[in-house]
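Biologist: I'd like to take a close look at one part of a protein with you. Could you walk me through it at an easy pace?

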Amino acid sequence: MRLSFALALALLLPWMAAAQPQAAGPTLAAVKARDILVCGTSTGAAGFSLPDSRGEYRGLDNDLCRAVAAAVLGDPAKIRWVPLTTQARFPALQSGQIDLLIRTATWTQSRDTANGLNFTAVSFYDGQGFLVRTALGVKAATELAGASICVVAGSTNELNLADWARQNRVEYRPVVFEQNDEARRSYLAGRCDAYSTDASQLAGLRASFPHPEEHVVLPEIISKEPHAPVVRQGDDQWFDIVRWTFFALLIAEENGITQANVDEYLNSQNPEVRRLLGLSGDHGPVMGLERRWAYWAIKGVGNYGEVFERNLGQGSSIKLPRGLNALWTRGGLMYAPPIR
């Protein structure tokens, strides 16, 4: 059966419209105009965001910001970091002080719906735990009855701890701080018997202590803490750019594409790789980006596995296993929709 010209055109028009290059929306236009991505980061979270000896921010969250800068501006170094406390991070994004927040931010229903914010994609699966001194002889969190516990104000950790204690009928004394670094110093100084935050951060803290063997992360995980990059609601283009930049790093890992070998893949005949690297299709232009947006992101920071390993995995002092953060093909939860 032959389609009439009018019917064929009607079927093609939506596809043709979708394939047209997009003009820059408000956030993308602002980032391109200043030639800098303003990224909100932590005041200090080992493995996620922490200045090194030269003052350069290092961590998984920082590398994901660099990937977005590379995808948008072609250079992972075109970033202005804005260190933010737990309480200040969401207002800074809401007010337009920053373009993007990647700061161990847990995705919750109320944050996603009531604050004018959108969480893009889970970049790290975590859960809340407890750090204690081995000298206490504590083997389980339920043995912390009567203990003082350091926690950060305005975080999901503070709320989770209260919920867990009520449910398990554990009486404790909260010692609340505005910043992670204050809580860390107070725990080390002996002001708290335990410190409760995301288990990955506890592992990073323990590794940074002068005598890590004197501290232990208890086995209990009392919450779900899915971390995700956050953007403002109302700019779908910017939401897509941030989300798909992260997905591109996952797809690169699935295909064995690394920071070191990405140029070799520019000769690939694999259709998925060709779409990813901008060799076929208009997948960058439909987001307002160049065709090689994903190439620049991978060239800037490597694939997700590389980012994880150097900041949290075996290439770091923390040495976390991938666990839930492994690719779906390796027993984890990391899964990217296809670029096509």
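Biologist: Which residues line the second largest cavity?

Modeller: Happy to help! First, a word on what we are looking at: this is a predicted model, where local features need pLDDT of at least 70 and side-chain atom pairs count only at pLDDT 80 or more, while totals for chains, interfaces and linings use all residues. Residues are numbered from 1 along each chain as its sequence is written, and side-chain values use heavy atoms, leaving out hydrogens and water.

Now to your cavity. The residues around it are L64, A67, V68, I102, P229, V242, T245, F246 and L249. A cavity here is a set of points, on a 1 Å grid over the protein atoms alone, where a 1.4 Å probe fits but cannot get out, and a lining residue has an atom within 4 Å of a point. The space inside comes to about 50 Å³, where volume means the space filled by probe spheres set on points joined across faces, edges and corners.

Two helices, α3 (60-73) and α9 (236-254), each give at least two residues to this lining. The biggest contributor is α9, with four residues. (Helices are DSSP runs of H or I with at least four residues, strands are E runs of at least two, and both are numbered from the N terminus.) As for chemistry, eight lining residues are nonpolar, one is polar and none is charged. In this scheme Ala, Val, Leu, Ile, Met, Phe, Trp, Tyr, Cys and Pro are nonpolar, Asp, Glu, Lys and Arg are charged, and the others, Gly among them, are polar.

Helix α3 also takes part in a disulfide. C39 and C65 are bonded, with their sulfur atoms 1.7 Å apart; the cut-off for a disulfide is a pair of cysteine sulfur atoms within 2.5 Å. Because C39 sits in strand β1 (residues 37-42) and C65 in helix α3, the bond ties together parts that are 26 residues apart in sequence. Both cysteines, C39 and C65, are buried, meaning under 20% relative accessible area with a 1.4 Å probe and protein chains only, whereas exposed means over 50% and partly exposed lies in between.

Helix α9 has a neighbour in sequence to look at, too. G234 is found in the loop between β14 (230-232) and α9. Its relative accessibility is 72%, so G234 counts as exposed.

How does your cavity fit into the whole? The search of the whole structure finds two cavities of 30 Å³ or more. The largest has a volume of about 120 Å³. Of its 14 lining residues, R89, T104, S155, N157 and Q201 are the closest to its centre. The elements giving two or more residues to that lining are α6 (156-168) and β11 (194-198). By class, the largest cavity is lined by one nonpolar, nine polar and four charged residues, while your cavity has eight nonpolar and one polar.

The disulfide at C39 and C65 has company as well: the structure holds two disulfides. The other joins C150 and C192, again with sulfur atoms 1.7 Å apart. The torsion about its S-S bond is about 65°, so this disulfide is right-handed. With C150 in strand β9 (residues 148-152) and C192 in the loop between α7 (180-188) and β11, the pair ties together parts that are 42 residues apart in sequence. C150 and C192 are both buried.

Methods. 1 Å grid on protein atoms, 1.4 Å probe; cavity = no way out; pocket = protein on both sides within 12 Å on 5 of 7 lines; lining within 4 Å.
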